[in-house]
Amino acid sequence: MRKKLLTLIASLSVALSTVATPVIAETHERLDATTQHPLFMLDDRPVLGGIENVYYSDIPELEGVAFTGKIDTGADTTSMHAIDVHVYSTNPKYEGLRDEAFLEKMVAEYGGPKSNWWLDSYGDVAEEVAGFVTFVIPHPYTGEKIDVELPLARPSVVRSRTSEKPIYRPVVRIPMTIAGETVMTEVNLTDRAHFSSPILIGKTFLREHAWVFTGYDFLQSKSESQLIGKKEVLDIEGLPHTTSLSLANRYTIFHATDVQLDEDELQVSFTLHGDNDKAQEMTLPVVRLANISGNERPLVYLPVDFGPLGTKMVLAYPDDRSDNSSLLRLGHEILNQWFVIDTDKKQWLNGEGQTYQEAVSDGALVVSPVEEISVDGIPMDAEPSFVVQTSLLKVPDYRLTKKGKKEFVTYSLIDQRGEPVSVTKPVERKVRVGDEVRPIIDSELTLGKVTDDREIAITRLSENEENPYFVLGQTLVKAQVLVDTRTDHILDSYPLFKAGYIEQATVEGLTFPVKLDTGADITSISATDIQQFERDGTSMVTFDYSNRSGQEQEFTLEVVDVMRIKAKKGEETNVRPVVMMNIKLGDVEKKVRVNLQDRSRFEYSMILGKNFLKYGAVVSSDEQYIYTTKPE
């Protein structure tokens, strides 16, 4: 057994440190990188993740303030949160016209809303129009309203999902910095208070300046990450806080009482409590209200001292945590930006610490919060743990029997067809955990591309759990087990490849051009005459698909989910059924979730979102058909 264990450790170390060569057609450039080991630079341009920190480079009051930016190759224009936006002109021709009425008249004069003239040629008429924009950027830390006035660069005309009438927005030019790259960017101004990212980075920044690999959030911070322990003690305003980490929750929670929300002033007051029985009254501006587990919570920026990293502003909300073992629970948004978690060590930040790169060089195994492994050839979901030592197989139930002197354990798993499979294994030994005695067995585990025998423990699912799953223990390998919350399924390694923002894909046997949209979480296909019904107790949908190449087909598929799409300002929330469809792009073939939407007004009948692009597509905002051949 020990020989097999050492073999697995060696194999895993090789698998996780070796950069595979992608299998791509000879006409395409090969990238020496994988989804497990992504690129940070490509062709002298940064490779951005699905979310990155954005800085305003030319507004002194916001120097050093990081704004969350969603990176969207599907957006022609970058968009930023602004309030009190007004547009006017000093040209007498537009006297008395302001805001949307002014923009609408301008667009009508120079070609109409469908001409797209403003995307390239508005600079020729900018002086004649003589437009200006005033707006306010709320400081996320202090609530201060920062007044800005800039020349109108051009109008933006946004096609609405729900109406034939377009939405008009002013566009200004402003320098933005991401990953050290500063770009004078055309930005449209809108109220994004109800979106999780105050900035949407589109082609006006990305074109000629960056690639996008949406498989990671905050990809650019990965290489400089520090290790964080599972039980740090961190200071907030001089008060020590025992700290835990969450793999499931986006936002940080801190212990506070007497929480009072002033919606008129957009601020929240509370009493902050520390571990030393001291407390402090605080009032902070509300960044926005977020719906969390059905409750509306005020999000604020909280100053947290991370020791050697200094004080970081953490997006968090107050809650009474007096019944919890930790006063501060860090969500994965802050973990994504600065840290990789050591599942075994309690504290790293009270000393010199260790970097992610140092740990990987020492042979650490890096996993994500969501993995899929195989146990005796049966695939199942897996997750890391901060407390489990010996890896656990959690099953609905098991029974112990004896044959002679040997004891056996029998349990059920679910195979790839969804059918139950009965498994009987000899018990090698038992281990006591609290009041429970767990049988230990030998099983064949496959993690990524490595297969070997391992000792695992058997335990029962909790009351609220349904399907068998695997818990990755801290003794999985000899070295450290680290958790990178920026992505999922790190152990499944796929080669990276360059792709244009338009490529040709094959979807359920039909081949046609698709748009690669890193801003969309879920892939979407054009659907009309959508009819939902039930068949033998299963929710089904029939819909018609067509595209501008003249291809048409009717589909009848199972409905696996329903999505509510957040709308642009001025639009209603869009509800869409979700189905599973087989998609092939070059060498990548996956069955993924696809939502149904009438895209007949759009040029491309399908967008490939993050749930497909994460399998290796590094997307350009400049070029089309890098990876596949343009249709005749």
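This passage describes the domain layout, salt bridges, surface charge and backbone geometry of a predicted model. Local features were restricted to residues with pLDDT of at least 70 and side-chain atom pairs to pLDDT 80 or more, whereas totals for chains, interfaces and linings use all residues. Residues are numbered from 1 along each chain as its sequence is written, and side-chain values use heavy atoms, with hydrogens and water left out.

The chain is assigned domain 1 (51-212), domain 2 (221-362), domain 3 (374-473) and domain 4 (495-620), with bounds from an automatic or database domain assignment. The centres of domain 1 and domain 4, taken over C-alpha atoms, are 29 Å apart. Phe 102 is located in helix H2 (residues 99-109); helices (H or I, at least four residues) and strands (E, at least two) are DSSP runs numbered from the N terminus. With a relative accessible area of 0%, Phe 102 is buried. In this classification, buried means under 20% relative accessible area, exposed over 50%, and partly exposed in between (1.4 Å probe, protein chains only). A distance of 48 Å separates the C-alpha atom of Phe 102 from that of Glu 558, 456 residues away along the chain.

A salt bridge was defined as a side-chain nitrogen of Lys or Arg within 4 Å of a carboxyl oxygen of Asp or Glu. This rule yields 20 salt bridges. In one of them, Glu 109 pairs with Lys 93, with the closest N and O atoms 3.3 Å apart. Glu 109 belongs to helix H2 and Lys 93 to the loop between strand S6 (83-89) and H2, so that the pair links distant parts of the chain, 16 residues apart. Glu 109 is partly exposed at 33% relative accessibility, and Lys 93 is likewise partly exposed, at 39%.

A further salt bridge joins Asp 484 and Lys 222, whose closest N and O atoms lie 2.5 Å apart. This contact spans 262 residues, from the loop between strand S36 (481-483) and strand S37 (497-499), which holds Asp 484, to the loop between strand S13 (211-212) and strand S14 (226-228), which holds Lys 222. Both Asp 484 and Lys 222 are buried. Lys 425 and Asp 376 also form a salt bridge, with an N to O distance of 3.2 Å. Here Lys 425 lies in strand S31 (residues 420-426) and Asp 376 in the loop between strand S26 (371-375) and strand S27 (378-384), 49 residues apart. Lys 425 is buried, with a relative accessible area of 16%, whereas Asp 376 is partly exposed at 27%. Salt bridges with shared partners connect Lys 93, Lys 105 and Glu 109 in one network.

Two residues other than glycine were examined for backbone geometry. Most residues other than glycine have a negative phi. Asp 44, by contrast, has a positive phi of about 65°. Asp 44 is placed in the loop between strand S1 (41-42) and strand S2 (45-48) and is exposed, with a relative accessible area of 75%. Glu 237 has a positive phi near 50°. Glu 237 occupies the loop between strand S15 (233-236) and strand S16 (239-245) and is partly exposed at 41% relative accessibility.
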